[in-house]
Amino acid sequence: MKKRINVKNRSAGNVVYTVPDLKVRRDFMPGEIKTIDPEELTQLSYTQGGRLLITQYLQILDEPAREEINGP
């Protein structure tokens, strides 16, 4: 997988999450795209509500990375 991937907030509101193990806090404005480490999304998926954020509110713009994180 790539070192960094583009992730977009596809919702009409802010999306905010923290990944305590990585000491990361992200705040996405509506429509904002950020370039982040795939490991961050993997760790986010392990947090409470993280999988919901990834599948419902964030859009992984890199298809191979999206399939690796979400499945085909």
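Throughout these views, a contact is a pair of heavy atoms within 4.5 Å. Everything shown comes from a predicted model.

**View 1. The whole chain, with its three helices and five strands.**
Going along the sequence, you meet the elements in the order β-β-β-β-α-α-β-α. Along the principal axes, the C-alpha atoms take up a box of roughly 30 × 25 × 20 Å. The chain agrees with the globule rule, because a compact globule of 72 residues would have a radius of gyration near 11 Å and this chain has 11 Å. Of the 72 residues, 33% are buried. Take the contacts between residues at least 6 apart in sequence: 53% of them join residues at least 24 apart. The accessible surface is about 4,600 Å², with 47% of that belonging to carbon and sulfur atoms. As for charge, there are 11 positive and 10 negative side chains, and the centres of the two sets sit 4 Å apart.

**View 2. The largest nonpolar core, a set of 16 residues.**
The members that touch the most others are Ile5, Val7, Tyr17, Leu41, Leu44, Leu58 and Ile60. Two or more residues each come from strands E1 (5-9), E2 (15-19), E3 (24-28) and E5 (58-60), and from helices H1 (38-45), H2 (50-57) and H3 (63-70). Strand E2 gives the most, with three residues.

**View 3. Isoleucine 5 in strand E1.**
Why does isoleucine 5 count as buried? Its relative accessible area is 1%, so it falls in the buried class, for which the cut-off is under 20%. Setting aside residues up to four places away in sequence, Ile5 touches Lys34, Thr35, Ile36, Pro38, Leu41, Ile60, Asp62, Ala65 and Ile69. Two of these names, Leu41 and Ile60, also turn up with Ile5 among the core members that touch the most others. For a sense of distance along the chain, Ile5 and proline 64 are 59 residues apart in sequence, while their C-alpha atoms are 10 Å apart in space.

**View 4. Leucine 58 in strand E5.**
With a relative accessibility of 2%, leucine 58 counts as buried. Which residues are in contact with leucine 58, leaving aside neighbours within four places in sequence? The list is Val7, Lys8, Asn9, Arg10, Val15, Tyr17, Phe28, Leu44 and Leu53. Leu58 is itself one of the core members that touch the most others, and so are Val7, Tyr17 and Leu44. The C-alpha atoms of leucine 58 and phenylalanine 28 are 9.1 Å apart, with their positions 30 residues apart along the chain.

**View 5. Glutamate 40 in helix H1.**
Is glutamate 40 buried or exposed? Glutamate 40 is buried, at a relative accessible area of 4%. Beyond its neighbours within four places in sequence, glutamate 40 is in contact with Tyr17, Val19, Leu22, Val24 and Arg26. Among these, Tyr17 is a member of the largest nonpolar core. Glutamate 40 and arginine 4 are 36 residues apart in sequence and 9.8 Å apart in space, going by C-alpha atoms.

**View 6. Glutamate 32 in the loop between E3 and strand E4 (33-36).**
This glutamate counts as partly exposed, at 25% relative accessibility. Apart from residues up to four places away in sequence, glutamate 32 touches Val7, Lys8, Asn9 and Asp27. One of these, asparagine 9, is 23 residues away in sequence from glutamate 32 but 5.6 Å away in space, C-alpha to C-alpha.

**View 7. Lysine 23 in the loop between E2 and E3.**
Lysine 23 has a positive phi of about 55 degrees, even though it is not a glycine. What is the relative accessible area of lysine 23? The value is 78%, so lysine 23 is exposed, the cut-off for that class being over 50%.

Terms used:
Residues are numbered from 1 along each chain as its sequence is written. This is a predicted model: local features need pLDDT of at least 70, side-chain atom pairs count only at pLDDT 80 or more; totals for chains, interfaces and linings use all residues. Side-chain values use heavy atoms; hydrogens and water are left out. A nonpolar core is a set of buried Ala, Val, Leu, Ile, Met, Phe, Trp, Tyr and Cys residues joined through side-chain atoms within 4.5 Å. Buried means under 20% relative accessible area, exposed over 50%, partly exposed in between (1.4 Å probe, protein chains only). Helices (H or I, at least four residues) and strands (E, at least two) are DSSP runs, numbered from the N terminus. The radius of gyration is taken over C-alpha atoms; the globule rule is 2.2 Å times the number of residues to the power 0.38. Accessible areas come from the Shrake-Rupley method with a 1.4 Å probe; for residues, only the protein chains shown count as cover. Lys and Arg count as positive and Asp and Glu as negative; His and the chain ends are not counted. The place of a charge is taken as NZ of Lys, CZ of Arg, CG of Asp or CD of Glu.
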